[in-house]
Amino acid sequence: MAVFTRADMSAGTIWQRWIDDRGSKAVVVLAGYVVLYLGWQLFRWGGPGHIRTIGDVAFWPVNLLAAVLAFRVASTRSFAAQVRRGWLLIGLGLIAYLLGNVLQLVYEALLHEKPYPTFADVAYLAFYPLLFAGILQFPRDRFQGFAVVRLVLDAAATVAAGAAIVWYVTLASATESGGRPLQLAVSIAYPCGDLLLIMALTALAVRARRVIGSWSLLLIKTSVLLYVVSDVVYGQMTLAGTYSGGAWIDTGWMLAIALLAASANEQYRVAKVGLSPGERRKSDSGFVFLPYAATAVTFAIAVISRRSGGRLEIGSMALLGVELVIVLGRLHWSTVDSRRNNRAAEQARSEFFATISHELRTPLTSIRGYCELLADSEDLTGEEREFVHIIERNAEREERIVADLLFLSSEDLLGRIETVEADLVRIVDDAVSSRIPAAAQSQVRIEWTPPEEEITVHVDPGRMGQVIDNLLTNAIKFSGEGTTVRVTVDANRSTTTLRVEDSGPGIPEEEAAHIFERLYRGRAAQQNAVPGAGLGLAIAHAIVEAFNGSITVEPHDGAGAVFRIDLPMMSVRAVERAVRPNAVAWREQWVSAPRTSD
């Protein structure tokens, strides 16, 4: 067997290899034959008296060639046993279809009879299960977890929609037509054969392209779809009494058989020349919107069938109910699977952060310890001592980042937070007082006027102070010199609102949804090289949610950002507040400090 690499397979080489194969030449001839048949359908060469005979005989060479090409694949030892069995069954189905055409010609042209049912019907009906069984033999892609459930539900939704179409077009009328039991059984068997073809289409959706070949698989899908459409139209024409041998709808079956022949040849050719038959399907692929489209089709049929009433309406409504149950089940399982995946991803991420944090903490502790030893040494010059202090400050900064990572990676830490009734105004005042030195150094003014009421909330005072400190730290970093950071606390009937407004570059609308994600840093922080690890807001978000509150940001691109915290309020009562001495000192220092603007 000749094997060619991808580099050797130029477009011209691929075409040459294709045309050199005898089966490929036969497919080219077949294509010309189908075009000739289409011309006959248009111009009816041979006269009206021979339409049925020509229509039946025209199928013989196409059917025979398709069966031969299918058996050629089935006898090729280089294929997997599953593929060979599949094409053997498809070939047998094509032989059965050919036998049906021969018997149909015998009844119509030689015996001049039109009995129903006949042995031709038996041969035709044998084609459906053989084709379906052959397709099921092809190896399928491997799916795991919810992907299996989703594929089953999607296939069920597609089959239910197909059943609604078949029921509306032919099956309901067939069950009401009466007649002998054998006639009724055959009338029902044809629409049921179409349901087998629809099931075959859903089975083809998960067949392994890497084994069968992308083009071969596409040709089979198109062939089966043409069979279904042609059968449905044929059923409607038969009920209306407008079908006769050689009718235009026979073109659909002719094309379907020709596509099966081309698919079998493509399967054989790919194996012989050693081309890659196709890439592996992703394990999470599926029908996507197909079940919802199927539901829409079933609903439309149920609405239309109300005009006819009776058994047709009852069956259509029942199929619509089945469709809705399938789609609702799919939505439920999709939600469950999404939550499970999110939990697994969050757990993996938390474990990663916890591992990294523990690995970083040990060397940082050693660095700080040796820095303290060096700082106590009397042999260091002033410049060397400053270097030691720089190392120590950076080690402390890294320890804070590690602590933040540990906080975010601990699943039960928030559950261990003990909340008490605390005065939110006092917590904010303490946080503002502690940030005033940093603000004064950056020449940023903090505007904060404590309310004259005591606003009681249920929080952990230390953690709540950490949240406010993080917001103030960010506001100071992003606000320029001579600007103002405003802090306000308001209370309404049941909610306390804390707002921190800075004078920085603001937050664009598209970044607002990600601003509370861990390790996320906005465009302004990256462009202006603002120091930070992207953890403060994530920690603030986790803590506030632990207090049954919410934290949001009001994006104002280019006009500062406003962070808002809403907490459930316990009570409000008027108190006489005493300004703390250290706060007064820092405020006086701020007033006396030189600054560019107020």
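Which residues in α15 meet which residues in α16? Keep that in mind as we walk through this predicted model, one selection at a time.

**Stop 1: two helices side by side**

Start by selecting residues 424-441, which make up helix α15, and residues 461-478, which make up helix α16. Their axes come within 9 Å and cross at roughly 40 degrees. That angle makes α15 oblique to α16, since oblique covers what is left once angles under 35 degrees, over 145, and from 65 to 115 have been set aside. If you rotate the view to look at how they pass, you will find a right-handed crossing.

Now show side chains for the contact. On the α15 side, pick L424, I427, V428, A431, V432, S434, R435, A438 and A439. They meet P461, M464, G465, I468, D469, L472, T473 and I476 on the α16 side. Colour this set by class and you will get 12 nonpolar, 3 polar and 2 charged residues.

**Stop 2: just past α15**

Stay in this region and select Q443, which sits in the loop between α15 and β2 (445-448). Check its backbone torsions: phi is near 55 degrees, a positive value in a residue other than glycine. Most residues other than glycine have a negative phi. As for its surroundings, Q443 counts as partly exposed, at 23% relative accessibility.

**Stop 3: another positive phi**

Next, go to N548, in the loop between α19 (536-546) and β6 (550-554). Here, too, phi is positive in a residue other than glycine, with a value near 60 degrees. Is N548 buried or exposed? With a relative accessible area of 64%, N548 is exposed.

**Stop 4: the aromatic rings**

The structure holds 9 aromatic pairs. For a good look at two of them, select Y97, Y124 and F127 and draw the rings as sticks.

Take Y97 with Y124 to begin with: this pair is edge-to-face, at 5.3 Å centre to centre and with 65 degrees between the planes. Y97 belongs to helix α5 (residues 81-110) and Y124 to helix α6 (residues 119-137), so the pair ties together parts that are 27 residues apart in sequence. Turn on a surface and look for these two tyrosines: Y97 is buried, with a relative accessible area of 8%, and Y124 also counts as buried, at 14%.

Now swap Y124 for F127. Y97 and F127 form an edge-to-face pair as well, at 5.1 Å centre to centre, again with 65 degrees between the planes. F127 lies in helix α6 and Y97 in helix α5, so here the parts tied together are 30 residues apart in sequence. F127 has 0% relative accessibility and counts as buried.

Before moving on, add Y128 and Y227 to the selection. Together with Y97, Y124 and F127, they form one aromatic cluster.

**Stop 5: a glycine in α7**

Our last selection is G162, found in helix α7 (residues 146-176). At 7% relative accessibility, this glycine counts as buried. What does G162 touch, not counting residues up to four places away in sequence? Show L195 and I198, and you have the answer. For a distance to display, draw a line from the C-alpha atom of G162 to that of L197: they are separated by 9.6 Å, though the two residues are 35 residues apart along the chain.

Note on methods
Residues are numbered from 1 along each chain as its sequence is written. This is a predicted model: local features need pLDDT of at least 70, side-chain atom pairs count only at pLDDT 80 or more; totals for chains, interfaces and linings use all residues. Side-chain values use heavy atoms; hydrogens and water are left out. Axes are lines fitted to C-alpha atoms, for helices over the stretch in contact, and angles run from 0 to 180 degrees between N-to-C directions. Helices (H or I, at least four residues) and strands (E, at least two) are DSSP runs, numbered from the N terminus. A crossing is left-handed if the near helix is turned anticlockwise from the far one by less than a right angle, and right-handed if clockwise. Contact means heavy atoms within 4.5 Å. Ala, Val, Leu, Ile, Met, Phe, Trp, Tyr, Cys and Pro count as nonpolar, Asp, Glu, Lys and Arg as charged, and the others, Gly among them, as polar. Rings of Phe, Tyr and Trp (its six-membered ring) pair if their centres lie within 6.5 Å; planes under 30 degrees apart count as stacked, over 60 as edge-to-face and the rest as tilted. Buried means under 20% relative accessible area, exposed over 50%, partly exposed in between (1.4 Å probe, protein chains only).
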